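Reader: I am new to this structure and would like a close look at a single part of it, the salt bridges between charged side chains. Could you take me through them slowly, and say where each partner sits?

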Amino acid sequence: MLLQVSYNDKEITRKIDAELGKPFTIHERFKMGGIGSPKLILNETSIQISNLMNLDNNRNVCNIELRPKGIIVGFRSRLNSYALIIPYYKLVLYKGKAEEYSIYKDNYFFKFEAHAENKSVHNFMKKLMEAKIAATPDRLEDI
(Lines give C-alpha, C1' and ligand atoms only; values in the text may rest on other atoms or scores of the structure.)
Protein backbone atom coordinates (compact mmCIF):
# COMPACT_ATOMS: atom_id res chain seq x y z
CA MET A 1 0.00 0.00 0.00
CA LEU A 2 1.25 3.45 -0.94
CA LEU A 3 0.59 6.01 1.80
CA GLN A 4 1.20 9.70 2.29
CA VAL A 5 3.05 9.99 5.61
CA SER A 6 3.77 13.73 5.70
CA TYR A 7 1.83 14.20 8.91
CA ASN A 8 1.78 12.14 12.11
CA ASP A 9 -1.52 10.29 11.70
CA LYS A 10 -2.30 7.61 14.28
CA GLU A 11 -4.48 5.65 11.83
CA ILE A 12 -1.68 5.40 9.26
CA THR A 13 0.81 4.42 11.99
CA ARG A 14 -1.61 1.72 13.16
CA LYS A 15 -1.97 0.35 9.59
CA ILE A 16 1.81 0.22 9.12
CA ASP A 17 2.37 -1.45 12.51
CA ALA A 18 -0.37 -4.02 11.79
CA GLU A 19 1.15 -4.89 8.41
CA LEU A 20 4.88 -4.83 9.23
CA GLY A 21 5.13 -5.05 13.01
CA LYS A 22 6.27 -2.41 15.51
CA PRO A 23 9.60 -0.67 14.82
CA PHE A 24 12.72 -2.32 16.21
CA THR A 25 13.85 -1.20 19.65
CA ILE A 26 17.07 0.79 20.09
CA HIS A 27 18.82 -2.32 21.43
CA GLU A 28 17.76 -4.37 18.38
CA ARG A 29 18.87 -1.57 16.03
CA PHE A 30 22.36 -1.52 17.55
CA LYS A 31 22.55 -5.32 17.43
CA MET A 32 21.60 -5.30 13.74
CA GLY A 33 24.06 -2.53 12.90
CA GLY A 34 21.28 -0.17 11.82
CA ILE A 35 17.95 -0.65 10.08
CA GLY A 36 18.03 2.10 7.46
CA SER A 37 19.56 2.19 4.01
CA PRO A 38 21.84 4.89 2.68
CA LYS A 39 20.33 7.35 0.19
CA LEU A 40 19.38 5.30 -2.88
CA ILE A 41 19.50 7.09 -6.25
CA LEU A 42 16.60 5.93 -8.40
CA ASN A 43 17.03 5.02 -12.06
CA GLU A 44 13.45 3.95 -12.75
CA THR A 45 10.13 3.50 -10.91
CA SER A 46 6.66 2.21 -11.64
CA ILE A 47 4.24 4.60 -13.32
CA GLN A 48 2.30 5.44 -10.13
CA ILE A 49 5.46 6.45 -8.27
CA SER A 50 6.95 8.13 -11.33
CA ASN A 51 3.87 10.35 -11.64
CA LEU A 52 4.36 11.52 -8.04
CA MET A 53 8.10 12.12 -8.44
CA ASN A 54 7.74 14.06 -11.69
CA LEU A 55 5.88 16.83 -9.85
CA ASP A 56 9.19 18.42 -8.80
CA ASN A 57 12.66 18.84 -10.30
CA ASN A 58 14.67 17.29 -7.47
CA ARG A 59 16.85 14.22 -7.90
CA ASN A 60 14.78 11.09 -7.36
CA VAL A 61 16.00 9.29 -4.25
CA CYS A 62 14.50 6.91 -1.72
CA ASN A 63 15.45 5.10 1.46
CA ILE A 64 14.46 1.78 3.02
CA GLU A 65 13.63 0.99 6.64
CA LEU A 66 13.62 -2.58 7.92
CA ARG A 67 10.73 -3.78 10.07
CA PRO A 68 10.16 -7.22 11.67
CA LYS A 69 7.68 -8.35 8.97
CA GLY A 70 8.64 -6.17 5.99
CA ILE A 71 10.14 -2.93 4.74
CA ILE A 72 9.09 0.67 4.23
CA VAL A 73 10.39 2.40 1.10
CA GLY A 74 10.21 6.14 1.67
CA PHE A 75 10.50 8.98 -0.83
CA ARG A 76 9.55 12.64 -1.13
CA SER A 77 7.78 14.67 -3.78
CA ARG A 78 7.41 18.41 -3.40
CA LEU A 79 6.61 18.90 0.31
CA ASN A 80 5.00 15.49 0.83
CA SER A 81 6.52 12.27 2.13
CA TYR A 82 5.31 8.92 0.82
CA ALA A 83 5.86 5.36 1.98
CA LEU A 84 5.39 2.10 0.12
CA ILE A 85 4.63 -0.63 2.65
CA ILE A 86 6.01 -4.02 1.54
CA PRO A 87 5.58 -7.16 3.67
CA TYR A 88 8.34 -9.73 3.17
CA TYR A 89 5.98 -12.25 1.56
CA LYS A 90 5.27 -9.74 -1.27
CA LEU A 91 8.85 -8.46 -1.59
CA VAL A 92 10.80 -9.48 -4.69
CA LEU A 93 14.47 -8.47 -5.04
CA TYR A 94 16.48 -8.54 -8.27
CA LYS A 95 20.11 -7.82 -9.04
CA GLY A 96 19.72 -7.30 -12.75
CA LYS A 97 22.42 -5.09 -14.17
CA ALA A 98 25.88 -5.01 -12.63
CA GLU A 99 25.25 -1.72 -10.83
CA GLU A 100 21.50 -1.81 -10.21
CA TYR A 101 19.11 -3.43 -7.71
CA SER A 102 15.34 -3.72 -8.16
CA ILE A 103 12.61 -4.01 -5.54
CA TYR A 104 9.15 -5.17 -6.61
CA LYS A 105 5.78 -5.41 -4.88
CA ASP A 106 2.78 -6.29 -7.05
CA ASN A 107 2.63 -3.50 -9.67
CA TYR A 108 5.08 -1.15 -7.87
CA PHE A 109 8.84 -1.20 -8.40
CA PHE A 110 12.01 0.78 -7.70
CA LYS A 111 15.30 0.38 -9.56
CA PHE A 112 18.28 2.09 -7.94
CA GLU A 113 22.02 2.48 -8.43
CA ALA A 114 24.60 0.41 -6.56
CA HIS A 115 28.09 1.33 -7.73
CA ALA A 116 30.95 -1.03 -6.89
CA GLU A 117 32.84 1.64 -4.92
CA ASN A 118 29.79 2.28 -2.70
CA LYS A 119 29.82 -0.78 -0.43
CA SER A 120 27.11 0.55 1.92
CA VAL A 121 24.32 -0.16 -0.60
CA HIS A 122 25.57 -3.72 -1.20
CA ASN A 123 25.91 -4.34 2.55
CA PHE A 124 22.39 -3.08 3.19
CA MET A 125 20.94 -5.27 0.43
CA LYS A 126 22.66 -8.31 1.99
CA LYS A 127 21.09 -7.39 5.33
CA LEU A 128 17.69 -7.02 3.65
CA MET A 129 17.96 -10.42 1.96
CA GLU A 130 18.96 -12.06 5.25
CA ALA A 131 16.00 -10.43 7.04
CA LYS A 132 13.61 -11.65 4.31
CA ILE A 133 14.98 -15.19 4.59
CA ALA A 134 14.74 -15.14 8.40
CA ALA A 135 11.10 -13.95 8.26
CA THR A 136 10.03 -16.50 5.65
CA PRO A 137 8.68 -19.80 7.04
CA ASP A 138 10.54 -22.96 6.06
CA ARG A 139 7.49 -25.04 5.25
CA LEU A 140 3.88 -24.43 4.22
CA GLU A 141 2.66 -25.96 7.49
CA ASP A 142 4.35 -23.12 9.40
CA ILE A 143 2.17 -20.45 7.80
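Author: A definition is needed before the partners can be described: a residue is called buried when its relative accessible area is under 20%, exposed when that area is over 50%, and partly exposed in between. R14, with a relative accessible area of 46%, is therefore partly exposed. The model examined here is a predicted one, and a salt bridge in it is a side-chain nitrogen of Lys or Arg within 4 Å of a carboxyl oxygen of Asp or Glu. By this rule, 6 salt bridges are counted.

R14 takes part in one of them, since its side chain meets that of E11 with 2.4 Å from N to O. Both residues belong to helix α1, which covers residues 10–20, and they stand 3 residues apart, which is about one turn of the helix. E11 has a relative accessibility of 38% and so counts as partly exposed, as does R14 at 46%.

A salt bridge between E44 and K111 has its closest N and O atoms 3.8 Å apart. This pair links distant parts of the chain, for E44 lies in strand β2 (residues 40–45) and K111 in strand β8 (residues 108–113), with their positions 67 residues apart in the numbering. On the side of burial, E44 is partly exposed, having a relative accessible area of 40%, whereas K111, with a relative accessible area of 18%, is buried because that value falls under 20%.

R67 and E65 form another of these contacts, their side chains meeting at 3.1 Å from N to O. This contact belongs to a wider arrangement, in which salt bridges that share partners join D17, K22, E65 and R67 into one network. Within that network, R67 is buried, with a relative accessible area of 8%, while E65 is partly exposed, with a relative accessible area of 25%.

To gather the partners together by burial, K111 is buried and R67 is buried, while E11 is partly exposed, R14 is partly exposed, E44 is partly exposed and E65 is partly exposed. Read by position, the pair E11 and R14 lies in helix α1, the pair E44 and K111 connects strand β2 with strand β8, and the pair R67 and E65 is part of the network that also includes D17 and K22.

Conventions
Residues are numbered from 1 along each chain as its sequence is written. This is a predicted model: local features need pLDDT of at least 70, side-chain atom pairs count only at pLDDT 80 or more; totals for chains, interfaces and linings use all residues. Side-chain values use heavy atoms; hydrogens and water are left out. Helices (H or I, at least four residues) and strands (E, at least two) are DSSP runs, numbered from the N terminus. Buried means under 20% relative accessible area, exposed over 50%, partly exposed in between (1.4 Å probe, protein chains only).
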